[in-house]
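I opened this notebook page to record what I looked up in a protein model. The entries cover burial, the core, one backbone angle and the pockets.

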Amino acid sequence: MVDTTYRTAFEQAKKDLAGAMERRTAAAQVLKEANEEIVQLRRAVTALAVLCSEDVEDSMGLTEAVRTVAPIGKWWTSKTFAQQVEAIGVSLSDLKNPEASMLSVLNRLSAAKELEATTGKGPDGSVKLWRKNNPDDDIPF
C-alpha cells in the first residue's frame, strides 16, 4: 500500500512538473514576443521623434537595454551589445566611458547568472562573449 501511495505521488509530481515546464515555455515565448515588439516600437519612436523634432525620453537604462537585446543561443561581443542597444534608441554618448559601462553591465549580469560568458577567438586574439542564459538549462534531467 505504501508503494502505491509513493507511486501515485511520483506520477502526479511528474505531471505537475511537465505542466509547469509547459507554462514556463509558453510564458517565455510571450516574453520573447513582447521584447521583440518593444525593440521594434523603440526603434519607431526614436525615428519618429527625430522627424517631429522631439526628444525621446530615455526611460530605459543601460542594464535594461542589455537585457532587452541579449540573444539566447547567440554569442555577442560587448561591441555588438553596444550597437544593438543603440539600435533600440538607448544612447551611450552621454556616458563618460561607454565601453567600460557596457563591460560593467555585462559582467554584473553574468555574475547574477542572467548572462552566460565565455571566451572566443577574434581577429585580435581572444575576445569575451556573452549570451542570455537558456531557461531550460537549469533542468537536471
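My entries on this structure follow, and I note at the outset that the model is predicted.

Entry 1, helix 2. I looked up whether the residues of helix 2 are buried or exposed. Leu 62, Thr 63, Ala 65, Val 66, Thr 68 and Val 69 are buried. As six of the eight residues in helix 2 (residues 62-69) are buried, I recorded this helix as largely enclosed by the rest of the structure.

Entry 2, nonpolar core. I found 19 residues in the largest nonpolar core, and those with the most contacts inside it include Leu 62, Val 66, Phe 81 and Met 102. Helix 2, helix 3 (78-87) and helix 4 (98-111) each contribute at least two residues to this core. I then listed the contacts of Met 102 beyond four places in sequence: Leu 62, Val 66, Ser 78, Phe 81, Ala 82, Val 85 and Leu 92.

Entry 3, Lys 113. I located Lys 113 in the loop between helix 4 and strand 1 (115-122). Its phi is near 65°, a positive value in a residue other than glycine. Its relative accessibility is 64%, so I entered Lys 113 as exposed, the cut-off being over 50%.

Entry 4, pockets. The largest pocket holds about 830 Å³ of space. Of its 30 lining residues, Lys 32, Asn 35, Ala 70, Ile 72 and Lys 132 are the closest to its centre. Helix 1 gives the most to this lining, with eleven residues. For the second largest pocket I noted a volume of about 160 Å³. Its lining includes Ser 78, Ala 82, Leu 92 and Met 102.

Key
Residues are numbered from 1 along each chain as its sequence is written. This is a predicted model: local features need pLDDT of at least 70, side-chain atom pairs count only at pLDDT 80 or more; totals for chains, interfaces and linings use all residues. Side-chain values use heavy atoms; hydrogens and water are left out. Buried means under 20% relative accessible area, exposed over 50%, partly exposed in between (1.4 Å probe, protein chains only). A nonpolar core is a set of buried Ala, Val, Leu, Ile, Met, Phe, Trp, Tyr and Cys residues joined through side-chain atoms within 4.5 Å. Contact means heavy atoms within 4.5 Å. On a 1 Å grid over the protein atoms alone, a cavity is a set of points where a 1.4 Å probe fits but cannot get out, and a pocket is an open set with protein on both sides within 12 Å along at least five of seven lines; lining residues have an atom within 4 Å of a point. Grid points are joined across faces, edges and corners, and a volume is the space filled by probe spheres set on the points.
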